Amino acid sequence: MSRQFSKTELVEQLRELGIQPGGVLVVHSSFRAVRPIEGGPHGLIDALQEALGPEGTLVIPSWTGDSDSPFDPVCTPADPDLGVTADLFWRRPEVVRSEHCFAFAASGPRAHEIVSGPLPLPPHIPNSPIGKVHDADGQVLLLGVNHDANTTVHLAEIMADVPYRIPYYVTVLQKGRPMRIDYGENDSCCQRFTFVDDWMRDRGLQKEGSVGHARARLVRSRDVVNIVTEKLGDDRLTFLHPPDFGCEECDLARKSLGG
Ligand SMILES: [Zn+2]
């Protein structure tokens, strides 16, 4: 068994990495990579909040993976793909959560501002929680995950006007009745989002270190958007696997281009 990091050590690691006290921070994490740490996933949340300080705002994805049921912010679990930390975070008393199915959850002085707003379609447009983190000049922390888990890359795709859309639907309550909304989302398998790792590193815009046992990457949301929109300006299909690769999701995205 690996040694357990204390909460104090985690806070030190986060500060050393460059978490900005008083700032806005969105976190994508794999707790499996971080552990063992004092207090488990709640200990990680405590350490993130402590590193940000009382003026800081912590933001964690909190959407559902269930397209068939209307979203209820007080009882719908977070998508299991988001990890255990995400599903514990929104249940804490100091945390507020979006009212819609593409929810984020947040704590701190700017929490309500970040998570509020109408259902964004597609989910990661500028007027969405992840767009508001960008507007607030927030940081993005990837804990034990790479940029394929970095939602800000989807925001950058929208800002670069990528042409592909995969058909999805959600179920919302309208006048108390479930109603299906079909929409197209800029999506793919997202494996090639890991290109962003080298792009950021090459420009010296990514801080790297350890948090607990996990490899940690820290970037500014605005730097991600600037670099990704620049690269997508050269080739808007950069993130899609080539047609002969045999990737079902990227093929679906390509199919939406027609021709
Ligand atoms: Zn693919």
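Helices here are DSSP runs of H or I with at least four residues, and strands are runs of E with at least two, numbered from the N terminus. With that in hand, proline 122 can be placed in the loop between helix 5 (111-115) and helix 6 (129-135). The model is a predicted one, and proline 122 is a handy way into it. The peptide bond that joins leucine 121 to proline 122 is cis, with omega at about -10°. A second cis bond runs from arginine 35 to proline 36, its omega near 0°. Proline 36 is also a loop residue, found between helix 2 (31-34) and helix 3 (40-52). As background, most peptide bonds are trans.

The sheet comes next. Seven strands make up an open sheet with mixed pairing, and their order is 3-4-2-1-5-9-8. Strand 3 (96-97) and strand 8 (207-211) sit at the edges; each has a single partner strand, so one side of each is left without a neighbour in the sheet. In general, strands of a sheet pair through backbone hydrogen bonds, in either a parallel or an antiparallel way.

At the strand 3 edge, two bridges hold strand 3 to strand 4 (residues 104-107), and the pairing is antiparallel. Valine 96 stands opposite alanine 106 of strand 4.

Towards the other edge, strand 9 (214-220) is mostly covered, with six of its seven residues buried. Strand 5 (139-143) runs antiparallel to strand 9, and five bridges join the two. In this pair, valine 140 stands opposite valine 219 of strand 9. Strand 8 is likewise joined to strand 9 by five bridges, again running antiparallel, and here lysine 207 faces leucine 218 of strand 9. Strands 8 and 9 form a hairpin with two residues between them. Glycine 212, in the turn, has a positive phi of about 60°.

Helices lie across parts of this sheet. Helix 1 (residues 7-17) lies across strand 8 and strand 9, running at about 175° to strand 8. Helix 3 lies across strand 1 (24-29), strand 2 (57-61) and strand 4, and its angle to strand 2 is about 145°.

These two helices also meet each other. The axes of helix 1 and helix 3 come within 9 Å and cross at roughly 50°, which makes helix 1 oblique to helix 3. The crossing is right-handed. On the helix 1 side, the contact is made by Lys7, Leu10, Val11, Leu14 and Arg15. Helix 3 brings Gly43, Leu44, Asp46, Ala47, Leu48, Glu50 and Ala51. Sorted by type, the residues of this contact come out as seven nonpolar, one polar and four charged.

Back in the loops, a couple of backbone details deserve a look. Most residues other than glycine have a negative phi. Aspartate 137, however, has a positive phi of about 55° although it is not a glycine. Aspartate 137 lies in the loop between helix 6 and strand 5. Residues with 12 or fewer other C-beta atoms within 10 Å count as exposed, and aspartate 137 has 12 such neighbours, so it counts as exposed. Lysine 175, not a glycine either, has a positive phi of about 50°. Its place is the loop between strand 6 (166-174) and strand 7 (177-185). Lysine 175 is exposed too, because 5 other C-beta atoms lie within 10 Å.

Technical notes:
Residues are numbered from 1 along each chain as its sequence is written. This is a predicted model: local features need pLDDT of at least 70, side-chain atom pairs count only at pLDDT 80 or more; totals for chains, interfaces and linings use all residues. A residue is buried if 20 or more other C-beta atoms lie within 10 Å of its own, exposed if 12 or fewer, and partly exposed in between; C-beta atoms are placed from the backbone. Axes are lines fitted to C-alpha atoms, for helices over the stretch in contact, and angles run from 0 to 180 degrees between N-to-C directions. Angles under 35 degrees count as roughly parallel, over 145 as roughly antiparallel, 65 to 115 as roughly perpendicular and the rest as oblique. A crossing is left-handed if the near helix is turned anticlockwise from the far one by less than a right angle, and right-handed if clockwise. Two residues are in contact if their C-beta atoms, placed from the backbone, lie within 7 Å. Ala, Val, Leu, Ile, Met, Phe, Trp, Tyr, Cys and Pro count as nonpolar, Asp, Glu, Lys and Arg as charged, and the others, Gly among them, as polar. Two strands pair if DSSP finds at least two bridges between them.
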